[in-house]
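Student: I have a protein model to look at and would like to learn how its parts fit together. Could you go through it with me?

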Amino acid sequence: MMADQDHEPSPAPAHRGYDFIVVANRLPVDRVEGEDGELLWRRSPGGLVTAIAPVMQESDGAWVGWHGATGEELPPFENENIHLIPVPLDDEDFELYYEGFSNSTLWPLYHDVIVPPEFHRTWWDNYKKVNKRFADATAKVANKGATVWVQDYQLQLVPKLLRELRPDLRIGFFNHIPFPSPEIFSQLPWRRQILEGLAGADLVGFQRTADASNFLRSMRRYTDRTVKGSWAIPPAHLDGSASTRNICRAEAHPISIDTAQVAELAHDPEIIARAKQIRKELGNPKTVLLGVDRLDYTKGLRHRLKAYGELLADGELVVGQTCLVQVASPSRENVERYAQLRDQVELMVGSLNGEHDTMGHTAVRYLHHSYPLREMIALYLAADIMLVTALRDGMNLVAKEFVAAHTDNSGMLVLSEFAGAADQLTQSVLVNPHDIDGMKSGILRAVHMDPLESSRRMRRMRRHLKEHDVARWSDTFLTALSQPLPVDTLV
């Protein structure tokens with residue numbers, strides 16, 4: 001189980017090298033203040049940290065990333081036996097690299113242009129600068145022949161930059177969000193530079209086979225590499241001349257959750273009691289619908305609320321018998337589009353409650369908060385139906401957590417076919433969130449599903465999650481990364 005203790009930062013040993021290094025935008029710790037104002041660090045929640053921490057502890061590895069505060073440089077330090085290498089960002093970096101290029105250019109572009117991406121050369125210049133800073137920091141602490149695993153869309157230039165600095169390294173990259181079709185990716189003015197940045201890795205992992213295919217199709221169209229199967233081969237390797245440009249492989253390696261931890265928490269008497277308390281506080285409705293999302297335009301919150309509102313208006317669902325609990329965690333609130341989305345969602349919630357609430361019951365219990373894992377498990381147990389209606393999502397681990405938490409095989413998952421989880425959780429009720437009528441039918445199907453059928457479906461999905469947990473994800477990726485180049489690749 002993940003530790004919740006706070007720890008004082010302990011200095012890392014004098015300059016040394018590591019055989020396994022993770023590079024991510026953020027370090028796997030959050031800063032907290034102790035009772036006497038001292039600086040403490042707490043392990044961050046999340047599947048990535050859970051998956052990689054044991055590997056790092058076994059291999060005496062290091063994690064390179066930003067520590068979360070701007071304008072501050074920290075020396076390397078240790079937390080829970082993980083060596084942490086902070087990379088500094090200033091206010092300009094945060095504005096241009098993070099909020100700008102990463103989250104206002106790449107994020108909307110990679111999520112099928114649900115909102116228009118913005119293309120600014122100043123953002124791009126800063127993105128290049130910060131990626132170089134991450135690559136330099138990594139190159140300094142990597143032992144000869146070390147394995148480096150770079151994470152996500154904020155650092156897509158790092159593999160090539162690192163390859164140029166340290167051609168001896170084994171480099172992997174994992175993209176946690178979708179990768180768009182070549183037709184959408186073509187909008188990016190710096191498409192070739194991004195592709196070549198990623199191609200610096202020996203292995204580029206994606207959530208879905210379609211994402212890996214999109215990447216390879218873009219490589220074929222917008223670079224000089226030749227694509228053979230899952231391999232992107234630079235011309236220098238094809239004509240036999242020497243080159244530091246490596247052969248890159250792209251594969252699907254869908255991320256998962258710590259299934260055993262979720263199941264263990266689901267059996268905790270305190271959490272079970274909290275779940276019963278939640279239902280009581282909701283008025284003990286017959287059916288509790290649950291949505292848990294970051295407040296992001298990719299999550300389909302407005303589509304979900306519209307479908308639910310129409311079901312109430314049609315009389316298919318009745319307040320008192322049914323309640324929707326919607327957790328919308330704060331996200332990027334300084335970005336204008338996210339502030340607009342919050343206003344729109346809260347207006348819809350207010351309208352629904354104003355129209356359908358009774359004196360004793362509410363239609364939508366809206367919670368604009370983040371919750372710790374234990375409270376999330378209680379919410380999963382309190383719910384009968386989980387609604388995951390993303391317009392585009394790399395994976396969506398909430399869907400997997402809900403299924404894993406229902407160890408008695410009760411409940412049902414309504415899942416968008418545009419979430420990566422749809423490839424694995426095929427026994428869920430799959431819906432197209434753009435089709436409001438279809439989504440309404442899917443919700444009703446889940447609500448009225450025969451318990452024997454829902455139990456059979458949940459059992460099969462839980463079996464899959466037991467076999468394909470987050471530990472298997474990291475092991476499978478790192479095993480694939482360690483494999484030598486097949487001799488017939490260039491034939």
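Student: Let's begin with a charge and a ring: which residue lies over the face of W107?

Tutor: Happy to help, and keep in mind that this is a predicted model. A charge counts as sitting over a ring only if it is within 6 Å of the ring centre. Here the distance is 4.3 Å, and the residue over W107 is R332.

Student: How are the rings of F179 and F206 arranged, stacked or edge-to-face?

Tutor: Ring planes under 30 degrees apart count as stacked, and those over 60 as edge-to-face. The centres of F179 and F206 are 5.8 Å apart and their planes stand at 75°, so the pair is edge-to-face.

Student: Where in the chain do these two rings lie, and how many residues apart are they?

Tutor: F179 is in the loop between β10 and α5, while F206 belongs to strand β11. The pair therefore links distant parts of the chain, with a separation of 27 residues.

Student: Is F179 buried or exposed?

Tutor: Buried means under 20% relative accessible area. F179 has 0% relative accessibility, so the word for F179 is buried.

Student: Which strand does β11 run parallel to?

Tutor: Look at residues 203–206, which make up β11. Four bridges join this strand to its parallel partner. One of the pairings puts V204 with A250, and the partner strand is β14.

Student: How many residues of helix α13 are buried?

Tutor: Helix α13 spans residues 373–382 and is mostly covered. Among its buried residues are M376, L379 and Y380. Out of ten residues, the number buried is seven.

Notes: Residues numbered from 1 in each chain as written. Predicted model: local features only at pLDDT ≥ 70, side-chain atom pairs only at ≥ 80, totals over all residues. Heavy atoms only, no water. Pairing = 2+ DSSP bridges. Buried < 20%, exposed > 50% of the residue type's maximum accessible area, 1.4 Å probe, protein only. Phe/Tyr/Trp six-rings, centres within 6.5 Å; stacked < 30°, edge-to-face > 60°. Lys NZ or Arg CZ within 6 Å of the ring centre and 35° of its normal.
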